[in-house]
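Colleague: I have a few questions about the terms used for this model. Please set each value against its cut-off.

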Amino acid sequence: MAQERETVADKIAAVREVYADAPEVGRVGLEKMMAELQAAAVDHAQQRAASAGRTGLRQGKVSELTSIVTFAPGGAKRLRVLLKLLGGNFQGADKVGTLHDMRFVFLDNDTRLLFATTYDGDWDTYIDDFSTKIPDALDVLFSNMVGYPPKGMRDPAIKDWIAGNQITADAWYVASPNLTVPEVRRLEKVGAVVDEFLDKIG
Amino acid sequence: MANSVAGDPSTHAPTIDLQEIQATVLRLRPAPYFGSHVALRINDVRAGRELLRRLIPHVDSAANWWKPASAWLSIVISYPGLEALGVPQTSLASFPEAFRVGMAARSRELRDEGVNDPKNWEPLFGNGQIHIGLNAFSDSEEKWRHVIATARAQYEALSGVSVLLVQDFGAQPGDLNSLGYKDGIDQPPIEGSGVDPLPGQGRPIKAGEFILGYPGEAGAPLPMPQPDILGRNGTYVGFRKYQSRVGAFNRFLQANGSTEAERELLAAKLVGRWRSGAPLTLAPDADNPDLGADPRRNNNFDYANDPHGRQIPFGAHIRRMNPRDTQLTRLTDVNIHRVIRRGTTFGKPYDPNALSEQDDQVPRGAIFLFISAKAMATMEFLQQEWISEGNFIGIGEERDPIIGRQEEGAIFTIPKQPVRRRIHGIETFNVLRGGEYFFMPSISALNWLANLSG
């Protein structure tokens with residue numbers, strides 16, 4: 001425990017040092033927050049983010065995937081038109097069953113794409129299943145990016161391409177780290193049924 | 001061999017090289033079955049290569065595997081074993097990471113924690129000393145003893161090879177496993193193997209999922225170790241030894257069933273089959289031993305009429321290990337998560353009267369051998385997704401009742417009308433005592449290894 005406190009003190013000193021030349025609002029804010037930060041630093045051992053496998057971070061059962069990829073020539077336009085067809089929503093992702101959320105953000109004058117998703121489990125658990133069940137859907141989307149392997153999802157190089165474009169987050173917060181997508185759906189159903197039941201007996 | 005029907009020989013000639021593939025990959029476990037596992041350590045590289053040279057003439061290929069045979073011997077090699085044979089570094093590096101580091105180092109991915117943690121394993125396992133595994137199968141005691149004596153004569157003659165373990169198995173009354181069930185019924189049908197699938201097995205799966213060098217389900221062959229002669233027609237074999245807590249299992253049945261009929265129904269709901277092997281889908285009310293014994297009928301079912309799990313619970317062992325046409329919560333291709341199973345029972349037979357904690361310690365259980373061209377990745381997937389939790393099939397944190405490691409207060413749910421039955425406090429019935437990942441080379445690959453120089 002004493003060792004943990006010493007490490008926290010070192011980390012606090014390091015934060016103060018790098019904030020020495022921060023804008024004044026940041027410096028002043030830091031000192032006001034110091035007690036809270038100290039407490040958070042001691043607690044963090046419990047909530048430390050784990051690895052999601054090959055790449056990415058994970059909290060409990062929920063992992064993050066963040067990538068920034070350059071568009072292939074014409075790729076941005078193609079993707080935009082496709083996303084417009086889908087109304088900016090990706091209900092088809094329901095079928096995948098592991099995705100909590102997914103975002104497509106066009107950057108830098110449509111030269112690059114930020115693709116980010118929150119998903120259940122480890123990094124590569126279901127990628128082989130995508131390759132045999134929904135290769136076309138993923139090829140249509142990601143063939144718009146530079147370096148996409150010639151055979152797409154069926155290419156042996158696909159996992160390297162995905163991982164190569166991914167940037168592991170430095171911090172990852174999840175409100176309910178034990179709630180997987182199926183569990184959320186199950187609880188929605190159970191919650192509704194319990195309410196109905198209580199209404200009947202109440 | 002009446003119960004070991006492989007399937008009818010196909011009208012199409014096999015498209016995989018049966019002369020190269022080791023027999024155990026395709027030959028079913030016989031009934032009755034006798035055999036042994038032998039674990040060896042290579043202390044001297046030349047002795048290791050000489051051992052292979054002497055054993056190779058006795059290793060059987062899968063040629064005519066659907067016809068009866070007297071006995072067959074197979075060889076598997078761990079990564080430390082490949083190192084001990086002096087396999088070149090570039091070749092060693094071409095093997096998958098999970099295989100290279102060994103099963104103990106993959107405990108996080110395998111969810112082998114708590115009582116199953118490698119630090120609790122039997123001393124033989126988890127430290128890289130098992131280099132070579134020999135496995136002999138036969139349907140007759142005499143032929144088994146003969147083939148294992150032949151193998152023994154080869155390895156005992158070499159001082160540079162140590163015997164770490166000889167584990168005889170089989171000869172169980174009725175071929176039942178240590179919890180009293182007939183097992184090993186459902187096997188994946190392999191395209192081009194030379195037989196048609198048995199009823200209920202589904203459509204043949206691309207050979208490359210099970211044997212290296214052939215196209216897999218996605219079209220391309222799976223990654224293969226190099227050089228080509230070493231990898232082609234080989235496969236990976238996983239080995240997991242479980243101690244069965246028969247006392248705990250019987251206590252569970254007693255505590256949750258007040259009549260013999262109730263207890264046997266509960267036992268059937270845990271697995272999805274009655275003790276005879278008859279599936280609940282085809283025998284919902286009572287066991288049917290004739291059905292259980294007939295390989296053309298005992299697997300001929302699907303889940304189309306069981307969307308709520310009222311025949312076979314979602315959490316039942318066989319529904320987890322092969323969900324078939326169950327609507328899963330996640331987009332899954334069941335065909336790429338199958339393994340060929342060559343499990344064997346060891347130790348004392350199942351005892352329906354065993355109730356004490358001492359009974360839990362009587363050495364008996366399952367040696368689970370699983371085979372696939374990506375056995376490590378598949379077992380890690382199965383442990384993560386289909387065994388150690390139930391999210392994939394909509395049952396939250398529930399674990400496999402037969403091979404899952406149960407936490408305190410674990411539950412098992414039996415869907416039924418009007419209200420599901422939920423049993424609290426299910427215990428771990430099979431405890432992991434050790435395991436390893438192995439490579440099963442082709443016949444040519446064994447020769448290549450035996451003739452390495454340097």
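Modeller: This is a predicted model. Chain A has eight helices and five strands, and from the N terminus on they run α-α-α-β-β-β-α-β-β-α-α-α-α.

Colleague: What makes chain A more spread out than a compact globule?

Modeller: Its radius of gyration is 22 Å, and the globule rule gives 17 Å for 202 residues; the value is well over the rule, so chain A is more spread out than a compact globule. Along its principal axes the C-alpha trace of chain A spans about 60 × 55 × 30 Å. Buried residues make up 23% of the 202 residues in chain A. Of the contacts in chain A with a separation of 6 or more, 65% are between residues 24 or more positions apart.

Colleague: Which elements of chain A give two or more residues to the side that touches chain B?

Modeller: The contact takes 20 residues from chain A and 17 residues from chain B. On the side of chain A, the elements that give two or more are helix H5 (127-133) and helix H8 (181-201). H5(A) gives the most, with five residues. By class, this side of chain A has five nonpolar, seven polar and eight charged residues.

Colleague: Turning to chain B, why is H8(B) called oblique to H9(B)?

Modeller: Helix H8 (residues 246-256) of chain B and helix H9 (residues 260-271) of chain B pack at an angle of about 120 degrees, with their axes 8 Å apart. Roughly perpendicular covers 65 to 115 degrees and roughly antiparallel begins over 145. An angle of about 120 degrees falls in neither range, so H8(B) is oblique to H9(B). The crossing of the two helices, H8(B) and H9(B), is right-handed.

Colleague: Which residues of H8(B) and H9(B) meet?

Modeller: Leu253(B), Gln254(B) and Asn256(B) in H8(B) meet Arg263(B), Leu266(B) and Ala267(B) in H9(B). By class, that contact has three nonpolar, two polar and one charged residues.

Colleague: How do you know whether Leu230(B) is buried or exposed?

Modeller: Leu230(B) has 24 other C-beta atoms within 10 Å. The cut-off for buried is 20 or more, so Leu230(B) counts as buried. Leu230(B) lies in helix H7 (residues 228-231) of chain B.

Colleague: What is Leu230(B) in contact with, leaving aside its neighbours within four places in sequence?

Modeller: Leu230(B) is then in contact with Ser91(B), Pro225(B), Pro441(B), Ala445(B) and Trp448(B). As for Asp175(B), 55 residues from Leu230(B) in sequence, the two are 36 Å apart in space, C-alpha to C-alpha.

Methods
Residues numbered from 1 in each chain as written. Chains lettered and ligands numbered in written order. Predicted model: local features only at pLDDT ≥ 70, side-chain atom pairs only at ≥ 80, totals over all residues. Axes fitted to C-alpha atoms, helices over the stretch in contact; angles between N-to-C directions. Helix = DSSP H or I, 4+ residues; strand = E, 2+ residues; numbered from the N terminus. Parallel < 35°, antiparallel > 145°, perpendicular 65-115°, else oblique. Left-handed = near helix turned anticlockwise from the far one by under 90°. Contact = placed C-beta atoms within 7 Å. Nonpolar A, V, L, I, M, F, W, Y, C, P; charged D, E, K, R; others polar. Rg over C-alpha atoms; globule rule 2.2 N^0.38 Å. Buried ≥ 20, exposed ≤ 12 C-beta atoms within 10 Å, placed from the backbone.
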